[in-house]
Amino acid sequence: DTSVDQPQTLTLTIYQDNLTAGTKDDTFLATGETLQLGDQLFGLEGNDTLELSISGTSPGMFDGFNTDSVEMIRVKSLSNNPSTIDMSGTKGVTTLESFEVDGSSLGFRDIQDVNGTAIRIIDTDEDHAYSYDLNAYTPGAEAVVDLNLQEIRLAPDGQQNQDGVDIVLTDRDGSRSDVEVVNLTSAVRPDAGQTPATENFLDSLQVGADLRELNIDGGADLEVDEYLDENLNRMDAGALEADLSLKLHVQDVVLNGNGTVNAGATTVLSVTGAQGDDTLSIGGFMRGAGITVVDMGTGNDELVLGDIDPLLGHATITAGEGFDVVTVNQTGLLNVDLGEGNDDLFITGDVDDLTTTAEGDGASVVVAGAGDDSVAIEGNGNYIIEMNEGNDVLVRNGDGDAFVDLGEGNDTMLVGSQMAQWNGNYAVLAQGGNDAIELWVNGDHFVDLGTGSDSLDIVGDGDQIVIAGEGDDRVLNQGCLLYTY
């Protein structure tokens, strides 16, 4: 039926065009030579698209054209010179799409609506810049940008951008943008070729000092090489069904008049990892103190807290299921749950409750979970440690009291050495398994060896109580008063 309105394709000319689409999803086709000053494009009904193809001979700036009710602007550029699309004459644009840009960077200038304009970038190794009109922010509303990435890749050897793509958001005056929330979708590109594209690699995502929240979903691996913006305090990638690699700044603490940390007034850095393998680096070069909460989710994850310099702060870390490696360089309070899996935990720094005036008070907590875990602690302070099931290794150097439950399994526990003897009171439950325990510690200790054929060496001054339990146990005592049962 030819009377039914069909989607139209309208082609721009080298002359000044005034084109009106129909009521369906229509397309305007333009090139670098045909999109020009004075062009008028009217989309009317439907979801309409302006497709702009830029060649190597096209001008670098495209401005002076006007659109109304053209919802998508899709740009494919093969120019060797940077290209910029001026959006000042557009109305009703809901999506800016970069499609297979290759040769040089692409920018969109003077975007008219922050919240209403989504950004989509598909198949590129070139930098992208987006600047917003100063009136593009909705008064009283949170400034939110939706960003969709597909097949963002490293440039080939010998070409620019071998470090990865930079995505930069600014305001029209050149300052950093006022965007507060970014919803980022790291999407698989199914039609990339013989196999889907399943990775997105950025050198940097630069939003601005007002960015507070980053939400990530999708199914493609995402890596951002440079640190995210300094005031970002909530990163949630729990809906990302892929691997994730990010660097984040800690958030500064608020101090009371007596120099203690005001935990209630301090902005907490909250991090939720992806469902795949996470590589998270937290600390940065902006600040030296903060309160951090990290949930790494499932997967074989790596976390470094205090990646450049040691931190002052409190941290809660949940590693989740998987083979995880957690490194903490921090003085303060720590609560770590390694979850199931064969995990490694490395702690450097003293225990101290920074909300009180006392020094060295409080206790850090480590729960290793089921699996063959390794925990190494360097620093002074009090600990509560639960190793749980598995053949675990616990090594500690530093003064302080500790309660240690080794759990079931053939465990190894070493505190101090002949070259470094420490001070503290230990209560140790060895539980089942053939355990080997060495305490080179001055202090009063209680050790229950549980079941199994265990060995216990205690070297240091103090009163010791040892319950041998079932099994063939060996107890060696030097320099202290020993009571065995």
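These exercises cover salt bridges, a charged patch and one loop contact set in a predicted model.

**Exercise 1. Locate the salt bridge of Lys-76 and say which parts of the chain the pair ties together.**

Step 1. Find the partner. Lys-76 bridges to Glu-100, with 2.9 Å between the closest N and O atoms.

Step 2. Place both residues. Lys-76 sits in strand S8 (residues 72–77), and Glu-100 in the loop between strand S11 (95–99) and strand S12 (106–111), so the bridge ties together parts 24 residues apart in sequence.

Step 3. Check exposure. Lys-76 has a relative accessible area of 31%, so this residue is partly exposed. Glu-100, at 22%, is partly exposed.

Step 4. Widen the view. Lys-76 and Glu-100 belong to a network of salt bridges that also links Asp-123, Asp-125, Glu-151, Arg-153, Arg-189 and Asp-191.

**Exercise 2. Assign Asp-191 and Arg-189 to buried or exposed.**

Step 1. Confirm the bridge. The closest N and O atoms of Asp-191 and Arg-189 are 3.2 Å apart.

Step 2. Apply the cut-offs. Buried means under 20% relative accessible area, and exposed means over 50%.

Step 3. Read the values. Asp-191 stands at 54%, so this residue is exposed. Arg-189 stands at 4%, so this residue is buried.

**Exercise 3. Describe the salt bridge between Arg-474 and Asp-457.**

Step 1. Take the distance. The closest N and O atoms lie 3.1 Å apart.

Step 2. Place the ends. Arg-474 is in strand S42 (residues 474–478) and Asp-457 in strand S40 (residues 455–459); the pair links distant parts of the chain, 17 residues apart.

Step 3. Compare accessibility. Arg-474 is partly exposed at 41%, whereas Asp-457 is buried at 14%.

Step 4. Set the pair in context. The model has 17 salt bridges in total.

**Exercise 4. Which residues gather with Glu-321 in a patch of negative charge?**

Step 1. List the members. Glu-340, Glu-389 and Glu-408 join Glu-321 in this surface patch.

Step 2. Place Glu-321. This residue is in the loop between strand S27 (311–318) and strand S28 (325–337).

Step 3. Check exposure. Glu-321 has a relative accessible area of 51%, so this residue is exposed.

**Exercise 5. What does Asn-410 contact beyond its neighbours within four places in sequence?**

Step 1. Place the residue. Asn-410 lies in the loop between strand S34 (402–405) and strand S35 (412–415). Asn-410 is partly exposed, at 40%.

Step 2. List the contacts. They are Gly-390, Asn-391, Asp-392, Gly-433, Asn-434 and Asp-435.

Step 3. Set sequence against space. Asn-410 and Asn-434 are 24 residues apart in sequence, but 4.7 Å apart from C-alpha to C-alpha.

Methods. Residues numbered from 1 in each chain as written. Predicted model: local features only at pLDDT ≥ 70, side-chain atom pairs only at ≥ 80, totals over all residues. Heavy atoms only, no water. Patch = residues over 30% accessible without salt bridge, like charges linked within 9 Å, V, L, I, M, F, W, Y side chains within 5 Å. Areas by Shrake-Rupley, 256 points an atom, 1.4 Å probe, with all protein chains shown as cover. Salt bridge = Lys/Arg side-chain N within 4 Å of Asp/Glu carboxyl O. Lys, Arg positive; Asp, Glu negative; His and termini not counted. Charge placed at Lys NZ, Arg CZ, Asp CG, Glu CD. Helix = DSSP H or I, 4+ residues; strand = E, 2+ residues; numbered from the N terminus. Buried < 20%, exposed > 50% of the residue type's maximum accessible area, 1.4 Å probe, protein only. Contact = heavy atoms within 4.5 Å.
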